[in-house]
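Please take a moment to look over the sequence and the model before reading on. The paragraphs that follow lead from one strand outward to the rest of the fold.

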Amino acid sequence: MVRTTKAAMNAAARRRRGDPRGVVIVSDHAETLDGLQGYLQRAGVTAHVTRHLRAAALDGADVAAVVLFPDDYPLAEVEAAVARLLRERPSVLPVLVTRNPRQFETLVSAAGARDIPVIIPKPAWGWTILDLIRARVEV
């Protein structure tokens with residue numbers, strides 16, 4: 001007997017409607033990209049991956065959140081990418097997964113919104129990231 005989760009059924013229904021609202025994962029590590037993408041897809045979430053910060057907004061793609069691993073990139077580039085995302089795609093939730101959360105607190109205050117972007121300290125498990133995204137937006 002095959003058991004289908006509610007999340008998988010909802011994601012399949014969205015895809016049939018042509019509404020593949022999903023998540024973008026940005027990291028410079030293949031293992032991170034592959035591992036988190038696989039986990040999210042098994043949970044029924046469409047997950048796109050990229051190593052390029054400029055692609056984080058995925059112009060035209062219908063994404064609910066961008067999960068960024070900022071420790072892989074220069075701080076100035078991360079700040080610029082998050083600012084661009086907040087400016088150009090305000091409905092997209094930026095999630096930063098980092099070893100140094102304090103380093104990115106200025107991004108939260110600069111955004112002018114409470115807890116946006118969301119900062120998660122490492123180590124962070126796939127289910128922690130997914131639960132946080134689901135609590136904030138519909139994926």
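How many of the six residues of β4 are buried? In this predicted model, strand β4 is mostly covered, and six of its six residues are buried. The cover comes on both faces, since Leu93, Val95 and Val97 on one side are buried and Pro94, Leu96 and Thr98 on the other are buried as well.

To place this strand, it helps to step back to the whole chain. The protein chain has five helices and five strands, and when it is read along the sequence these elements follow the pattern α-β-α-β-β-α-β-α-β-α. The protein chain counts 139 residues, of which 44% are buried, and it exposes about 7,700 Å², with carbon and sulfur atoms supplying 53% of that area. Among the contacts between residues at least 6 apart in sequence, 67% join residues that are at least 24 apart.

The five strands form an open sheet in the order β2-β1-β3-β4-β5, and their pairing is parallel. Because β2 and β5 stand at the edges, each with a single partner strand, one side of each is left without a neighbour in the sheet. Neighbouring strands of this sheet are turned by 20° against each other on average, with direction ignored.

Within that order, β4 has a partner on either side. Towards β3, four bridges join the two strands, which run parallel, and here Val67 stands opposite Val95 in β4. Towards β5, strand β4 (residues 93-98) again pairs in the parallel sense over four bridges, and Val95 stands opposite Val118 in β5, while the bridge partner of Thr98 in β5 is Pro121. The path from β3 to β4 passes through helix α3 (residues 75-88), and β3, α3 and β4 together make a right-handed β-α-β unit.

The edge strand β5 can be set beside β4, whose two faces are both covered. Along β5 the side chains alternate, so to speak, between two settings: Val118 and Ile120 point to one face and are buried, whereas Ile119 and Pro121 point to the other face and are not buried. After this strand the chain enters the loop between β5 (118-121) and α5 (126-136), in which Pro123 is found. What kind of peptide bond joins Lys122 and Pro123? The bond between Lys122 and Pro123 is cis, with omega at about 0°. As a general background, most peptide bonds are trans. Beyond the loop, helix α5 lies across β1, β3, β4 and β5, and it runs at about 155° to β4.

Helix α2 also belongs to this picture. At 1.5 Å a residue, the 13 residues of α2 (residues 30-42) should span 18 Å, and its end C-alpha atoms are 18 Å apart, which agrees with that expectation. In α2, the residues Leu33, Leu36, Gln37, Gly38 and Leu40 are buried, and the buried residues of this helix pack against β1 (22-26), β2 (46-50), β3 (63-68) and α5.

Is Gln41 of helix α2 buried, partly exposed or exposed? Gln41 has a relative accessibility of 43%, and because buried means under 20% and exposed means over 50%, Gln41 counts as partly exposed. The C-alpha atoms of Gln41 and Val23 are separated by 9.8 Å, and these two residues lie 18 residues apart along the chain. Just after α2, Gly44 takes a positive phi of about 90°.

At the other end of the helix, His29 is found in the loop between β1 and α2. Because its relative accessibility is 40%, His29 likewise counts as partly exposed. Leaving aside its neighbours within four places in sequence, His29 is in contact with Arg51 and Asp72. The C-alpha atoms of His29 and Phe69, which are 40 residues apart along the chain, are separated by 9.1 Å.

How values were computed
Residues numbered from 1 in each chain as written. Predicted model: local features only at pLDDT ≥ 70, side-chain atom pairs only at ≥ 80, totals over all residues. Heavy atoms only, no water. Buried < 20%, exposed > 50% of the residue type's maximum accessible area, 1.4 Å probe, protein only. Contact = heavy atoms within 4.5 Å. Areas by Shrake-Rupley, 256 points an atom, 1.4 Å probe, with all protein chains shown as cover. Expected span 1.5 Å × (residues − 1). Pairing = 2+ DSSP bridges. Right-handed = clockwise from strand over helix to strand, strands pointing away. Axes fitted to C-alpha atoms, helices over the stretch in contact; angles between N-to-C directions.
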